[in-house]
Amino acid sequence: MKTLTFYRPKTIHNIMNEFDNCLETLDSLLPPATRMFNHIPVVDVREIDGAYLLEMELPGYDEKNIEVSVHGSNLTIASRQEAETEKEEKTDENQGVFLIKERRYSSFSRSFKLPQGANLEAVNASFKNGILSLEIKKRAEAKKRAILINAA
C-alpha cells in the first residue's frame, strides 16, 4: 500500500529564490575574473537611544566614489566605478601591460526605507578604513521617554 504525502505547492517566489541560490553557489566556485554577480556590500543597522546607525563595508572604495542620498523616506547608497578601457590602459606607459587582471570595478546601489521617526534633515556620514557609517538622528517626538505614574 502506498503512503500518503502532503501536497505543498511551491510558489514562484520560492522557486526563483532556490534558482538564485543555485546560481550564487555556482558563481562562488568560479575564479574571481569570471564571476557573474557583482558584490553587494553588507550592512549592519542598529538603533540607539537618539539615532539609527548604519555601517556598510566598502573595502577598496573611496569616499569620492560613494553617493548617499535621501528621497522621500528612502535612503540610497550607490557607487559606480568604471573599469579602464584597453585604449586607456595602453596610453600610460608607466603602468605597463596587464598579464593577469582579476580585480574588477563594480557598481552597486542599495536602498533602505527609513522609519517614520527618522529625521531626514539630520543624517551624518563618515568614511574610515573601508567602512561607511551613517548616523540618522531621530525626531524629538520619536525618542523614547519615561512616563511618571502618579499614585492615587
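**Lys138 and the four-stranded sheet**

Lys138 is buried, with a relative accessible area of 9%. The model in which this lysine is described is a predicted one. The cut-off for the buried class is under 20% relative accessible area, so the 9% of Lys138 places this residue within it. Lys138 belongs to strand E7, which covers residues 131–138, and that strand offers a suitable point from which to follow the structure.

Strand E7 is part of an open sheet of 4 strands, arranged in the order E1-E2-E7-E6 with antiparallel pairing. Strand E1 (43–47) and E6 are the edge strands; each has a single partner strand, so one side of each is left without a neighbour in the sheet. On average, and with direction ignored, neighbouring strands of this sheet are turned by 15 degrees against each other. As a general matter, the strands of a sheet pair through backbone hydrogen bonds, in either a parallel or an antiparallel manner.

The pairing of E6 with E7 can be followed in greater detail. These two strands are joined in the antiparallel sense over 7 bridges. One of the residues concerned is Ala118, whose bridge partner in E7 is Lys138. Glu121 is also placed in strand E6, which spans residues 118–128. The C-alpha atom of Glu121 is separated by 8.7 Å from that of Ile136, a residue 15 positions away along the chain. With a relative accessible area of 76%, Glu121 is exposed, whereas Lys138 in E7 counts as buried at 9% relative accessibility.

Between E6 and E7 runs a loop that contains Asn129. The phi angle of Asn129 is near 50 degrees, a positive value in a residue other than glycine. Asn129 counts as exposed, its relative accessibility being 73%.

The side chain of Lys138 leads next to strand E1. Side chains of opposite charge can pair when their charged atoms come close. Lys138 forms a salt bridge with Glu47, with the closest N and O atoms 2.6 Å apart. Because Lys138 lies in strand E7 and Glu47 in strand E1, the pair ties together parts that are 91 residues apart in sequence. The contact between these two side chains, at 2.6 Å, is also a polar contact. The partners differ in their exposure class: Lys138 counts as buried at 9% relative accessibility, while Glu47 counts as exposed at 54%.

This pair is found in a structure that holds 4 salt bridges. Among the others is the one in which the side chains of Lys64 and Asp62 meet, with an N to O distance of 3.9 Å. Lys64 counts as exposed, with a relative accessibility of 69%, and Asp62 counts as partly exposed, with 27%. A further salt bridge links Lys137 to Glu135, where the closest N and O atoms are 3.3 Å apart. Lys137 is partly exposed, with a relative accessible area of 32%, and Glu135 is likewise partly exposed, at 26%.

Taken together, these features return the reader to Lys138. This residue is the bridge partner of Ala118, and the side chain of Lys138 forms a salt bridge with Glu47.

Definitions and conventions
Residues are numbered from 1 along each chain as its sequence is written. This is a predicted model: local features need pLDDT of at least 70, side-chain atom pairs count only at pLDDT 80 or more; totals for chains, interfaces and linings use all residues. Side-chain values use heavy atoms; hydrogens and water are left out. Buried means under 20% relative accessible area, exposed over 50%, partly exposed in between (1.4 Å probe, protein chains only). Two strands pair if DSSP finds at least two bridges between them. Axes are lines fitted to C-alpha atoms, for helices over the stretch in contact, and angles run from 0 to 180 degrees between N-to-C directions. A polar contact is a pair of N or O atoms within 3.5 Å; within protein, one must be able to donate a hydrogen and the other to accept it, and residues adjacent in sequence count only if both atoms are side-chain atoms.
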